[in-house]
Amino acid sequence: MSATSAPAAHQRRLLDVQALDTRLAQIAHRARSLPEHAAIAELDRTERTLRDELTAARTVASDVEREAVRADTEVEQVRARAERTSARLAAGGAAAKELQQLLAEAEALTRRLRSLEDAQLEVMERQEAAAEAVERAEERAGAVAADRAGLVAARDTALQAARQEHEQVGAQRAGAVSSLDAGLVELYERVRARQDGLGAAALAGDACGGCRMPLTGTFRSRVASAGPDDVVQCEECDRIIVRAGEPELRR
Ligand SMILES: [Zn+2]
């Protein structure tokens, strides 16, 4: 038991301060554990994944784009050669052997052109698919960004409300503590810092209202015989045990 003493009325008012401190801790806890925090963090992870997907889709699209340009160039080149060959054939006047070569060349070029045009078509299809994939990824990223903005707004509103409530209760607390015995407040703050924010508790029947341990043995008799202004600290948890006005424990 501490040797300090403080007016019994101050000790009882300390419980009001404790109640306000508990409320302040609850408000802070509520602000920290808003469901929006977890939801925003989850969306941040989704956004990172989508960003990677979008980058991958854009890379595929630009690769296919280059392939398409190459395929177009090849088709044009072979088509031009085929046209030149046809023109020479149409001009006539070629010797039999040259004519044979030109016909063979024209045939080969036609085959080559056909296969290049098939390839060109296939690249165009992939180009379309790649563009769609980019569009889809952009849409998903946009939807997630909108969801996130909504959650951020809700979180900020809730945090603002918590801040206001915290300020109000904090002002009440400052008023409640200002007229109390300085030594008592100092002891309360010290114990509260060590004991999970609970520095003072009412005597609960035969037990400490802080740790719920029953008062026993010599400690119990010391509490029972303590003067009203004696500051009693729990033997188990060190918290200030605030007694009601009249003696509660049988001696
Ligand atoms: Zn205790």
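## Two sides of α4

On one side of helix α4, the residues Ala182, Glu186, Arg190 and Ala193 are exposed. Keep in mind as you look around that this is a predicted model.

Turn the helix over and the picture changes: Leu184, Leu187, Tyr188 and Val191 are the buried residues of α4. Viewed down the helix axis, these buried residues fall within an arc of 100°, so they line one face of α4. The spacing fits a general rule: an α-helix has 3.6 residues a turn, so residues three or four places apart point the same way.

## Length and end of the helix

With 13 residues, α4 spans 19 Å from its first C-alpha to its last, close to the 18 Å expected at 1.5 Å a residue. Just after the helix comes Asp196, which takes a positive phi of about 50°.

## What the buried face meets

The buried residues of α4 pack against α1, β1 and β4. This brings us to the largest nonpolar core, which has 18 residues; Leu14, Tyr188, Ile240 and Ile241 touch the most other members. Two or more residues each come from α1 (8-32), α4 (182-194), β1 (200-204) and β4 (240-242). Of these, α4 gives the most, with four residues.

## A closer look at Leu14

Which residues is Leu14 in contact with, leaving aside its neighbours within four places in sequence? They are Leu180, Leu184, Tyr188, Ala200, Ile240 and Val242. Two of these partners, Leu184 and Tyr188, are among the buried residues of α4, and Tyr188 is, like Leu14, one of the core residues that touch the most other members.

Conventions:
Residues are numbered from 1 along each chain as its sequence is written. This is a predicted model: local features need pLDDT of at least 70, side-chain atom pairs count only at pLDDT 80 or more; totals for chains, interfaces and linings use all residues. A nonpolar core is a set of buried Ala, Val, Leu, Ile, Met, Phe, Trp, Tyr and Cys residues joined through C-beta atoms within 7 Å. A residue is buried if 20 or more other C-beta atoms lie within 10 Å of its own, exposed if 12 or fewer, and partly exposed in between; C-beta atoms are placed from the backbone. Two residues are in contact if their C-beta atoms, placed from the backbone, lie within 7 Å. The expected span of a helix is 1.5 Å times one less than its number of residues. The arc is that of the directions from the helix axis to the C-beta atoms.
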